[in-house]
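Please walk through this structure with me. Keep the sequence and the 3D view side by side as you read.

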Amino acid sequence: MQLDGVLKKFGIENYSALSFGNGLINNTWIVENKSYEKKFILQRINQNVFKSPEDIAFNIRLIADYLQRCQATFSGQTPGKKYLFTSPLQTKDGNDIVKTDDGYFRMFPFIKNSHSIDVVQKPEQAYEAAKQFAKFTNVLSGLDASKLKITLPHFHDLSFRYKHFQIAIQKGKKEKIEKSKDVLNFIHQQKNIVDEFEKIKLNPEFKIRVTHHDTKISNVLFNEEDKGICVIDLDTVMPGYFISDAGDMMRTYLSPVTEDESDFSKIEVRKDFYEAIVNGYESEMAGELTTTEKKYFLYAGKFMIYMQAIRFITDHLNDDIYYGAKYEGQNYIRAKNQVTLLQRLQEEKDLLNV
Ligand code: ADP
Ligand code: GN1
Ligand code: MG
């Protein structure tokens, strides 16, 4: 893709650009300005998914301005030290986002001496990541979440996902449905997870807060000592429940293998990682979470794993229009992987906060 025009808007002409990261939705490049030896992260927003990229830019700006206004200091941090937030760079014309014939682009400074990881190998990494996502929500507790634009309507609305899943079964090809029976049956059997979510929506003990909604490990930057620096990938920051963030950490940090693993015997629930997530999250959010919410960490894991299984199998039945597939049946494998993970989690009887 020709990036000259976009980079020129940010005042960069002499550059190198390399594709970067393993995200499923956006395109990311690492850009180096050869004149100043400065690095940037350039991203093209996936418009099939995000219909209004301006809304994402609005939310990130709202948060950046809020943090700047209150110069947020934070318990657990050195007093006076500012919360690190990766604000987008502005173009020479003062815009956060650039529209070209190839789509919408935005750029961030590359956080120095940072790296991300794709698989959580040590409980300390799970703790650090959970702490960073909790800190993000906590530092924004004074920002009215309802001011955020909804960048993806119904994103973590499990009841909505379940409805779409049922439609996909009605419309999907008979043969595909027949071959997916094991996954479909399991999802139907676990419908109580949806019913519980309906109760949560009616329960005032569950607070709506500024929620990240994509807490996988690659969305945290670490320093060389493996300490969390900050969270990134803010496209899905919207009002939401803590079960979205805590649950997606369970979904992606508990098992030693990723959602793409097809050898399901490798999927397991690592109890010490579960505890690290709860402790890391509570290290920043204990004062904010209600007593009821604190009892819902295990449910959070089930909720997110179940929803991801539904999303993958729905996409499989819909011919991979959302996630794409590198090989035929990839989204079926991913769904079965998530079903296996949920089964493993349900087998655990003595996890914290049950
Ligand atoms: P995607 O939506 O494709 O997941 P991300 O915003 O998560 O996009 O970026 C992809 C990867 O790029 C991240 O996992 C991280 O390694 C790297 N990255 C993103 N933003 C920055 C940044 N500001 N500084 C350093 N690395 C970054
Ligand atoms: C997508 O963009 P990425 O790869 O971080 C998806 C998440 C899923 C995840 C599964 C906007 O995240 O909701 O959990 O894939 N993001 C969107 O890997 O749909
Ligand atoms: Mg990401």
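Ser218 offers a backbone N or O atom 2.7 Å from an oxygen atom of ligand 1. This is a predicted model, so read each distance as computed from predicted coordinates. Ile111 also uses its backbone: one of its polar backbone atoms lies 2.9 Å from a nitrogen atom of ligand 1. Gln43 uses its side chain instead. There, an N or O atom is 2.7 Å from an oxygen atom of ligand 1. How much of ligand 1 does the protein cover? On its own, ligand 1 has 550 Å² of accessible area, and the protein covers 94% of it.

Step back to the wider shell. Ligand 1 is surrounded by 18 residues. Gln43, Ile111 and Ser218 are among the closest, and so are Ser116 and Asn219. As for its site, ligand 1 sits in the largest pocket.

Now turn to ligand 2. Ligand 2 sits in the largest pocket as well. Around ligand 2 there are 17 residues. Those that come nearest are Leu24, Asp214, Glu259, Arg311 and Tyr322.

Which side chains make the polar contacts here? Take Glu259 to begin with. One of its polar side-chain atoms lies 2.5 Å from an oxygen atom of ligand 2. Tyr322 has a side-chain N or O atom 2.5 Å from an oxygen atom of ligand 2. For Arg311, the distance from a side-chain N or O atom to an oxygen atom of ligand 2 is 2.8 Å. Ligand 2 exposes 450 Å² when taken alone, and the protein buries 96% of that area.

What classes of residue make up the shell around ligand 2? The shell has 7 nonpolar, 4 polar and 6 charged residues. Glu259 and Arg311, both among the nearest residues, each reach ligand 2 through a side chain.

Where in the chain do these residues come from? The protein chain is divided into domain 1, residues 4-109, and domain 2, residues 123-351. The contact between them takes 23 residues from domain 1 and 27 residues from domain 2. Their C-alpha centres lie 25 Å apart. Both domains help to surround ligand 2: each supplies at least three residues to its shell.

Put the two sites together. Ligand 1 and ligand 2 both sit in the largest pocket. The protein covers 94% of the area of ligand 1 and buries 96% of the area of ligand 2.

Definitions and conventions
Residues are numbered from 1 along each chain as its sequence is written. Chains are lettered from A and ligands numbered from 1 in the order in which they are written. This is a predicted model: local features need pLDDT of at least 70, side-chain atom pairs count only at pLDDT 80 or more; totals for chains, interfaces and linings use all residues. Side-chain values use heavy atoms; hydrogens and water are left out. A residue is near a molecule or strand if one of its heavy atoms lies within 4 Å of it. A polar contact is a pair of N or O atoms within 3.5 Å; within protein, one must be able to donate a hydrogen and the other to accept it, and residues adjacent in sequence count only if both atoms are side-chain atoms. Accessible areas come from the Shrake-Rupley method with a 1.4 Å probe; for residues, only the protein chains shown count as cover. On a 1 Å grid over the protein atoms alone, a cavity is a set of points where a 1.4 Å probe fits but cannot get out, and a pocket is an open set with protein on both sides within 12 Å along at least five of seven lines; lining residues have an atom within 4 Å of a point. A molecule sits in a cavity or pocket if more than half of its atoms lie within 2 Å of its grid points. Ala, Val, Leu, Ile, Met, Phe, Trp, Tyr, Cys and Pro count as nonpolar, Asp, Glu, Lys and Arg as charged, and the others, Gly among them, as polar. Domain bounds come from an automatic or database domain assignment. Contact means heavy atoms within 4.5 Å.
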